[in-house]
Amino acid sequence: MTLYHIKWFCSSIPAQLAEELSLSDSQLVVKTVPDPGLLSKDPTLLRLSPGRVVRVLVLPDGSAICESAAIALYLCETFDKDGVMHPAVGSPTRAKFLQGVVYSAAEGYKATMNVFLECYEIEKKERNYEVIAKHMENFQKVVIDHLVRELADGRLYYLGENMSLCDIMFGYLLMTAVATEENLLTNDIVSQYFGRLASRPSFKKYY
């Protein structure tokens, strides 16, 4: 299998997962695309991902999966037989795991990117804060408040004492929020949670 990846893009989610699972090159090759501009030039990438997104997992039969959450779940099911990064079917935390993965990929990603895209490569004095304020309010409700509710009982990670794919996905959202330089992680529970995630060697490698 081959995973195409661009640093800082959401393809870093499955790439970080592979690092946490200690996958070898014989199991998964991670190919980092150095320039996003190659998406419109590389015929192989265009064939695999007509939408020009680099979050592509190429399977041994030549077919491809092009969604980060789907790729990450597939890697878990294929390589994480011991349930290190995802609870097995029947596990007490399985329902919470599915909630975290789907919620972060759908609601969380949209709320985070709405803020990020209003800030990316735009000087602060040039930003439209009337629009940003509305997106920041929604980010607070969708991402921050959700994490506060989930972690308020003192859990270190989304499912408990051990890190899972859920945390990799929320870590990506929080990293993106920090990149806006709009001070979005003021809540102590969330900032401490992000600190734990950002201290992981796998996080440092890809972000």
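Which way does α5 pass α6 in their crossing, left-handed or right-handed? Keep that one in mind while you look around; the tour gets there at its last stop. One thing before you start clicking: this is a predicted model.

**Stop 1: the sheet**

Select the strands. You should see an open sheet of four of them, in the order β2-β1-β3-β4 and with mixed pairing. Look at the edges, where β2 and β4 (64–65) stand: each has a single partner strand, so one side of each has no neighbour in the sheet.

Now pick out residues 2–5, which are β1, and residues 29–32, which are β2. These two strands run parallel and are joined by four bridges. Try selecting L3: its bridge partner in β2 is V30. Then go to Y4, which has K31 of β2 opposite. To get from β1 to β2, the chain goes through helix α1, residues 12–20, and this β-α-β crossover is right-handed.

As for side chains, in a regular strand they alternate between the two faces of the sheet.

**Stop 2: a helix across the strands**

Add residues 68–79, helix α3. α3 lies across β1, β3 (56–58) and β4, and runs at about 40° to β3.

**Stop 3: α4 alongside α6**

Next, colour α4, residues 94–119, and α6, residues 165–179. The two pack at an angle of about 10°, with their axes 9 Å apart. With an angle under 35 degrees, α4 and α6 are therefore roughly parallel to each other. Show the side chains where they touch: on α4 the contact includes F97, V101, Y109 and F116, and on α6 L165, M169, F170 and L173 are among the residues involved. What kinds of residue make up the contact of α4 with α6? They divide into 15 nonpolar, five polar and one charged.

**Stop 4: α7 across α6**

Keep α6 on screen and add α7, residues 188–198. Here the packing angle is about 110° and the axes are 10 Å apart, which makes α6 roughly perpendicular to α7. Their crossing is left-handed. From α6, the contact takes in D167, F170, G171, L174, M175 and V178, while α7 brings V190, Y193, F194 and L197. By type, the residues of this contact of α6 with α7 are eight nonpolar, one polar and one charged.

**Stop 5: α5 and the opening question**

Last, select residues 129–151 for α5. α5 and α6 pack at about 130°, with their axes 12 Å apart, and the two helices are therefore oblique to each other. Now for the answer: α5 passes α6 in a left-handed crossing.

Zoom in on the contact. F139, V143, I144, H146 and L147 of α5 meet F170, L174 and A177 of α6. The residues here divide into seven nonpolar, one polar and no charged.

Before you close the viewer, click F170 once more: F170 takes part in the contact of α6 with α4, in the one with α7 and in the one with α5.

Terms used:
Residues numbered from 1 in each chain as written. Predicted model: local features only at pLDDT ≥ 70, side-chain atom pairs only at ≥ 80, totals over all residues. Heavy atoms only, no water. Pairing = 2+ DSSP bridges. Right-handed = clockwise from strand over helix to strand, strands pointing away. Axes fitted to C-alpha atoms, helices over the stretch in contact; angles between N-to-C directions. Parallel < 35°, antiparallel > 145°, perpendicular 65-115°, else oblique. Left-handed = near helix turned anticlockwise from the far one by under 90°. Contact = heavy atoms within 4.5 Å. Nonpolar A, V, L, I, M, F, W, Y, C, P; charged D, E, K, R; others polar.
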